[in-house]
Amino acid sequence: MVDYLQIYLYRLLYNRLFDHQKIKKSINSCSLPNNSFTTVCNNSMLKTISKEKISDQLAKGATLITVNRRLSRSLTIRFNQHQVNAGKSVWESPDIIPFSPWLCRVYDQAFYTVYSENKILLPVLISPAQELYVWEQIIQNSESGHSLLQVAETAKAVMRAWEICKEWQLPFSELAQTPSEDTAAFIGWAGQFEAICKENGWQDNAGLSDAVGNFFESDMIRPPEQMIMAGFDELSPCRLSLLEKMQAAGSEIFCLDGPDHSHHAKRCELADTDTEINVAARWARACLEENIEGRIGVIVPDLQNFRPALIRVFDDVFHPSKSLSPQNTGNRLFNISLGQPLSEYPVVSAALLILQFACRSFKVDQYSAFLRSPFLAGGRSELANRSILDAMIRENNETDIPVSALIYFCANHGGRHHHPGVFCPVLHDRLKRFQAMLKELRGRQLPSGWAKDFSRLLNTLGWAGDRTLSSEEYQTVTAWNEALYQFAALDGMAGEMDIKTAVADLTKMLADIIFQPETDDVPVQIMGMLEAVGEQFDHVWIMGLNCDNWPLPSRPNPFLPIWVQQKYNVLHASPEREFEFARQITRRLLGAAKDVVVSYPVKDGETMLMPSPLIVHLKPVKTDQTKAHWWIQLFKNIEFEQITDHHGPPVGTQVHVSGGTGLIKAQAACPFSAFAGYRLNARPIESPDSGLNNRNRGTLVHHALEFFWEEIKTHGRLMAKSCKDLASDVQKAVGRAVSDMAAQHPRTFTYRFTEIEKQRLVSLLLEWLEMDRQRSPFAVIDREKKLVRTIAGIELKTYADRIDRLDDGRLVIVDYKTGEPKVADWFTERMAEPQLPLYSFIVDEPVAGVVFARIKKGKSAYLGVAAEEDIIPCAGWPGAKRSPMENFNSLKEVIDFWQGKIEFLADEIQQGYAAVMPVSINKSCRYCELGPLCRIGEVDFL
């Protein structure tokens, strides 16, 4: 039997040895397979040209081809500045363009030239989005694709495999030699793709280089007389073939050479990634302060994962005012060059939200985002009302709402008390028009038809808002329109579809489009390793170059045999190939400025890290690793006067404080929570649950028992009921309670849910009524009775669930609870549960008992205190051992004790006492959501 553990350990050891051998090797002596890639500037077929001379060549009409859009923009800015420095006020725009757009431009030129001259129609160039859609359809409809869970992700990998085959000229005859299951599937899909493209007259993007090369070779069109390649570290066989054909057709091709400042580079090790970002940010600021016109680059290998941390730290260092004033939207001195999926930008997210609303009901997070979106008509003028509407719909426990329900909630209902909405006239009018338009939509149509309808739906709701858009938002809206145009171009691939499919396909397309708004040329540029290739700076900091991050692990395409990828030296196919690729990029980046700092963290959590083998030859330097945040300096350099303020304004005679016993309970738990919650009305918004929440279930129990005792009235009549009659009466009471609540929550109370809830309540109440049967005779004299008492100038209003009168005339006050109430909470230092104690002394009649009615399946019981032992089963009495009543001689003495506690708390409220003083952080603060307001977690920190 094969010992797989031994093989695994051997491979692990081999990889480690390989890493150490790389460290020992010279950075300039890495061996590669015989079929090495072609380095642009080392290629004898290309001449080199310095950056000082390219401006003259561009002015003469040369074409400059760059490796990415960022470098095109940077070189364009540099050329324009050169013209300004030369004293020119007008000049022709330079022909600077990335490689892929240049290929498309040449193909379009050939497409229209050939047709106009020879009436021959070339294949139509399809977009990457169209091409991906074709791959998805091929895979989804194939036999091998039926078992795939993620067709979209598979299509991306297959499309990339097809691009590799074209770019690196991999022969399919070699792919077909004993292929794996994945490779065999790819060969079949690729054959279908070629056939579909040929049948429909389509030109795919992967074959664009070959097509353009054939145009030059056949003299169909002429290549540029002079072309300069900038930022290319290597040429694939396909691109090399294209350049050879251009040269054969008379084109002169240059390679932009960059200065080599690598001897100035130095490296430093830092404690961890957080420290590394902080030190890099402070270094960038120091460089900018030293030379305000300097250009600074901060290069991060894993930029996407560190983007939030980079923004936070660089804002903290460069723009601390943004931390103090988030509304400050001024331009930053730094720019992060990292595009995000177009679907993640707020204005596009709002558009997708509207289209999803056309397909299905909104969930909680969706209708909340919809109501608070600034990208709808009335988003500014109705902001306050819509925010309140959001909170009120949540309080109504609406987990999802259709268009019709949202129209109802934002309509004017003439001040109905039970209506959970707020009048929003603009939104109400727009939604009604939106609903009418939905009824007119066709069931199925082509993507171009849906694109038009989507625009109409968005316009109906006033997307993208009625305020002036920022530059980034305006560019994003333009990108949305372009994406919608691409979606409309899917007619020839997709056919007719319904609206749900159309919205899903558009959403997926937007998620695949990486978009980066253009910004001003700011002094500090934060970018990834590949984005920085070809750039020139005054200062460069390259972070994160530890042995685990750089070089990156090899990433061969899973649909192509690894041995074929390695034979033809495909990028990312092997560790050696990845090492040489990283070496080439590192060499260029180390020469991107005269001042270069390279850093790496020595720890990642508990894991110790080593420097990348590509930087071990650099001179190590020390650097200050202290995290000098601006607010730390503020506290150190300013002498603050500390003021302890535990009081708010006292409650005057003209001030009404609502809240009832909830106010007293909050004051007992933490005075600040009572002040903030009941006097400042600072309360968190609800989080609706599916079905009924605990509050609603408790309300059902309360109302059902209220209706039951409304009919039965006395203990005697309860005892006289047969089991059958009692069940019938309970069913009637439950039916009334459920009907009342169903009227407020019609989407929750479906037929099946209603029947189940009725059965639950009937069973629960029958179990509870057995407890009432065990009591001595009583009559229910009040249900949900309003009780009012003014204490220390605070008017306390509350409702007693039930008040019973015994035969001797004394009262028993009952409070229904469906949870786990504790009698001990009545006897704490600061009374934790004051509701029933308050009832006991404001009824102004002799009281024989104060009890919780715990109505819980299998745990139903009376809990509380009584004047004598036998009045209420399970209740305590004065002098009872091992109970809170042990040290009291009478129930009146207990009630007086309670009254004193409540009066003390009411007096605190009247005086405005609002100290942040929770009785117990574990209990009082666990479910309190006022932490950001009281900032109790920051006390020790400050």
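The exercises below, each with a worked solution, deal with a predicted model.

**Exercise 1. Helix 19**

Work out how the span of helix 19 relates to the expected value, which of its residues are buried, and what covers them.

Solution. Begin with the extent of the helix: helix 19 covers residues 447-460, which makes 14 residues, and from its first C-alpha to its last it reaches 20 Å, close to the 20 Å expected at 1.5 Å a residue. Next, look for residues in helix 19 that are buried, which here are Pro447, Gly449, Trp450, Ala451, Asp453, Phe454, Leu457, Leu458 and Thr460. Then turn to the surroundings, where the cover over these buried residues includes helix 14 (346-357), helix 18 (425-440), helix 20 (471-488), helix 21 (491-494) and helix 22 (499-512). Finally, move past the end of the helix to Gly462, which follows helix 19 and has a positive phi, near 75°.

**Exercise 2. Two residues compared with the cut-offs**

Decide for Leu530 and for Asp729 whether the residue is buried or exposed, and list the residues that each one touches.

Solution. Locate Leu530 first, in the loop between strand 15 (524-527) and strand 16 (539-542). Its relative accessible area is 52%, and because exposed means over 50%, Leu530 counts as exposed. Leaving aside residues up to four places away in sequence, Leu530 touches Asn68, Phe581 and Ile585. A distance can be added: the C-alpha atoms of Leu530 and Ala867, which are 337 residues apart along the chain, are separated by 83 Å.

Now take Asp729, which has its place in helix 30 (residues 723-744). Its relative accessible area is 18%, and because buried means under 20%, Asp729 counts as buried. With residues up to four places away in sequence again left out, Asp729 touches Phe708, Ile712 and Lys721.

**Exercise 3. A five-stranded sheet**

Describe the order of the five strands, identify the edge strands, and find the helix that lies across strand 21, strand 22, strand 23 and strand 24.

Solution. Start with the order, since the five strands form an open sheet that reads 21-22-23-24-25, with mixed pairing. The edges are strand 21 (778-791) and strand 25 (861-866), each of which pairs on one side only. From one strand to the next, the twist averages 30°. Looking inside the sheet, strand 23 (residues 811-817) and strand 24 (residues 847-854) pair in the parallel sense over seven bridges, and Val814 stands opposite Val851 in strand 24. The helix in question is helix 32 (residues 835-842), which lies across strand 21, strand 22 (794-806), strand 23 and strand 24 and runs at about 80° to strand 22.

Terms used
Residues numbered from 1 in each chain as written. Predicted model: local features only at pLDDT ≥ 70, side-chain atom pairs only at ≥ 80, totals over all residues. Heavy atoms only, no water. Helix = DSSP H or I, 4+ residues; strand = E, 2+ residues; numbered from the N terminus. Expected span 1.5 Å × (residues − 1). Buried < 20%, exposed > 50% of the residue type's maximum accessible area, 1.4 Å probe, protein only. Contact = heavy atoms within 4.5 Å. Pairing = 2+ DSSP bridges. Axes fitted to C-alpha atoms, helices over the stretch in contact; angles between N-to-C directions.
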